[in-house]
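Thanks for sharing this one with me. Below are my notes, set out point by point so that you can follow along in the viewer.

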Amino acid sequence: MQSPLILLCQRKEVGAVGKLKPRTRQQMISWLIMLPGILLFAFFVWAPLLQSIQMSLYRTRNIELLEFVGFNNYISIFRREEFHQALVNTFSYTFWSLLIGFLIPIFMALVIGETVRGKGFFRTAAYVPNILPGLAAIILWTAFFSAEATGVINILLSKLGIERMAFLSQANLVIPIIVLTATWKGAGATALIYMAGLSGINPELYEAATIDGAGIIKRIRHITLPAIFSLGSTLLILQIISIFQIMYEPLVLTKGGPDNASLSLMLLMWRYAFGGTMDFGRASAVAVIISVILLGFTALYSIVNRRKTEWE
Amino acid sequence: MKKRIRFLAILASLCILLTAYTPAVMGSSASAASSELEGISAEVVDADLTCTITLGNWPPDTAPAAELALFEGYRAIMQLQYPNVTVVPAYFSYTLSNYLPMARGGTAPTVFQPPFTDPQLLINQNLVADVTDALEQFGILEKFSPSFVELLGDENGRIYGLPRDGYVLGMHININLFEQAGLMTDDGLPMIPKTLQELAEYGQIIREKTGKAGLVFPASETFGGWLYTNIAWNYGAVGENALQYQDADGRWMANFTSEPAVAAMEYLRSLRWDYDILNADATTTDWASAHSFLGTGEAAMNFAADDSVAEPTAGGGLAVDKFALIPFPAGPGGAYALTGGTCFMFAPDTTHDQAVATLGFLRIIGMLPFASDDIVAGMRAGAAARRERGVPVLPPIPAWNDADFIAVQREIAEEYANVDMRLYQDFFDSLTDGSVALKGEEPVFAQQLYRELTSVIQRLITREDADVLRALSQAQERFQEYLDDELNNR
């Protein structure tokens, strides 16, 4: 059923529109359909994006622009040790996220996919953490990792005779722990996407492989993984983009500590803006730097993807 | 089946009993505070004033009944005194990050309560309203002490707020843990640490005897650095050894590597690695959870002030007779205590009428410096509500330059006293007998300074091999860069 707008434009007697060439008319209809979306995007995405770039080039008084300072905000940020640390930490988050967070959903999808009984239950159970509000989930983990007498993990460890540990006070542990909490929350949703991908695989391939004597490992290796490779690479780049913007997890769990060991670029941006100095110029500069890095990742992904398609 | 019906019947009866009983209890607890409100005049003050005011820090629905009833009573009186002023409660509790978007978006409450660390930042950022004329109309300006004019005003002498109350940093004590550790005098009072060295030693005894933390130390965000500054002053980081100073050219210089500053940081380090008295998760502990640790008996001591005695008691469940407030322990370089406070400030779009109406409300709740019947009744109602909630009712730290008003405040505190004042005597004596020198916060970019110092503390209490001098030198370099960027090179 066509929309009233399209029907109206298709009627020849509608004045000037009716006199247009069919191709032009069709283009006009397309633009009209897209217009609300474009307006919303312009207002909520592009305008703030451009404003951020503009703000990063100014000295500011909260969100007011006071004086054009060129790239001074960027130069001052690049000089600061906290920025270097936040940049290194953010790449560390990405590394741990790929190590922990990328493989777990695939593993979950494969295991649930191979499950014969209670598949629906496991699918729901895997998704449940995703329903929890983000902050609530992190506060829950805070109680788990607490080194005080009420810390759940420490209570369990003490039952095993292991000494109490301050997990969130250890600089080398804090990023993997934060990634673990983020993975716990998000892995179920990603696993569902993989499961959808897996359901598209022709079952005859598995039957043929089974008849040829292929076991479960070989079936996964030669049929399942190649089939979800394309999906996996898309989710990989999305995961990198997502983890690069990690903020509220370290903000709630560790506040960037100990000694900035879990400070991410987004958290640094938040600190400049709301951490007591209201330095929106530098905060915007950090935001632009994050965008540039992510654009770089996306471009890299596009190149790799294009080459892969050409090769195939 | 019969059993199930019987169980349901018992459950239903219990529910009915509880619902019938609860309002009665609440009603009785609310009554004392509400009866004090009867002393406030119900006569019309200004019938022509027409506006709507939104009042931040209004108690939420989950607040104790006594407090809710008190504020509803205040609102009813406001309605009588200013019939055309609409009061809108706002459950807004100020933090810089939640205030900024509201102020810029025009949704900030008419009045809110920031700590003394923020007024100058808010004034410089154009995020608060000039209320000089309204303050003048109420005759309050002459009661401002000069330091408050400096704190709440700009370079043109315009004023943007008024003080609510002051505080002096001291130490909260959980007496239960002192008792368990055997740290009690023959008079049944806790053996309070008078020096930082004693604090470490007593904390160690408490750790050994009870297994609980001797000291809860909030070392997250900026809190650790904030507390460290007071310890550093007591080690002698003042005057020529101050943590920041202006050189002959007027440039601001960071100075974290003086002998007293290093010694103070060594002391903090020793609390973790030598005495082992700190709570286990100090790097993630914030101000609120520190109070909670003390209130729930997970820690015996907490550096905190007289304005937060409600948190470990009414908030954390510690009985008022098991709580003490003592002076900040002295160090080898002196005995200083950080002083600060909380103020009332106004949203940037506040009109003159709104400012006048809000001051009218502040008069009703006893926050203006006059000893009139109305204000005294408002103050009494506040004290009665605190007593009913199980909050220690203490003499306030004066925020106004008015001897009569201060005397009335003290009288009311004595009248409603619910504590053994011996548990507070040293603290209040130290404010007047000169045994502790009161000192304001570090002068420029205090929050950034605290953040840098907190990072140092976090490194030292999580890595036994960390070098104190090196960590402080690096922090000094970072803070100096910040000072150069923001002040010296502008």
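**Notes on the model**

1. Let me start with confidence. Chain A has a mean pLDDT of 87, with 93% of its residues at 70 or more; pLDDT is the predictor's confidence in each residue, from 0 to 100. This is a predicted model, in which local features need pLDDT of at least 70 and side-chain atom pairs count only at pLDDT 80 or more, while totals for chains, interfaces and linings use all residues. Residues are numbered from 1 along each chain as its sequence is written, and chains are lettered from A and ligands numbered from 1 in the order in which they are written. Chain B averages 88, and 92% of its residues score at least 70. For the model, ipTM is 0.79 and pTM is 0.82.

2. Now the weaker stretches. Within chain A, the lowest mean pLDDT among the elements, 51, belongs to helix H1 (residues 4–10), and the highest, 94, to helix H13 (residues 265–274). Helices (H or I, at least four residues) and strands (E, at least two) are DSSP runs, numbered from the N terminus. In chain B, residues 15–30 stay under a pLDDT of 50, and the model gives them seven contacts beyond four places in sequence. Two residues are in contact if their C-beta atoms, placed from the backbone, lie within 7 Å.

3. On the overall form of chain A: its secondary structure amounts to 14 helices and two strands. Chain A is more spread out than a compact globule, because its radius of gyration is 25 Å, well over the 20 Å that the globule rule gives for 312 residues. Here the radius is taken over C-alpha atoms, and the rule is 2.2 Å times the number of residues to the power 0.38. The C-alpha trace of chain A spans about 85 × 75 × 40 Å along its principal axes. The domain assignment splits chain A into domain 1 (4–55) and domain 2 (79–311), with bounds that come from an automatic or database domain assignment. Taken over C-alpha atoms, the centres of these two domains of chain A are 38 Å apart.

4. How much of chain A is buried? The share is 30% of the 312 residues, where buried calls for 20 or more other C-beta atoms within 10 Å of a residue's own, exposed for 12 or fewer, and partly exposed lies in between, with C-beta atoms placed from the backbone. Helix H10 (residues 203–211) of chain A is hardly covered, with zero buried residues among its nine. Just after H10(A), A:Gly213 takes a positive phi of about 95°.

5. The loop between H12 (248–253) and H13 of chain A deserves a look, as A:Pro258 lies there. A cis peptide bond, with omega about -5°, joins A:Gly257 and A:Pro258. A:Asn260 is in the loop between H12 and H13 too, and its phi is near 65°, a positive value in a residue other than glycine. A:Asn260 is buried, with 23 other C-beta atoms within 10 Å.

6. Turning to strand S8 (residues 299–305) of chain B, seven of its seven residues are buried, so S8(B) is largely enclosed by the rest of the structure. Strand S4 (residues 161–174) of chain B pairs with S8(B) in the antiparallel sense over five bridges; pairing requires that DSSP finds at least two bridges between two strands. B:Ile173 stands opposite B:Met301 in S8(B). Strand S5 (residues 213–216) of chain B runs parallel to S8(B), joined by three bridges, and B:Val216 stands opposite B:Asn302.

7. Finally, where do the two chains meet? The contact involves 27 residues of chain A and 26 residues of chain B. By class, the side of chain A that touches chain B holds nine nonpolar, 10 polar and eight charged residues. Nonpolar covers Ala, Val, Leu, Ile, Met, Phe, Trp, Tyr, Cys and Pro, charged covers Asp, Glu, Lys and Arg, and the others, Gly among them, count as polar.
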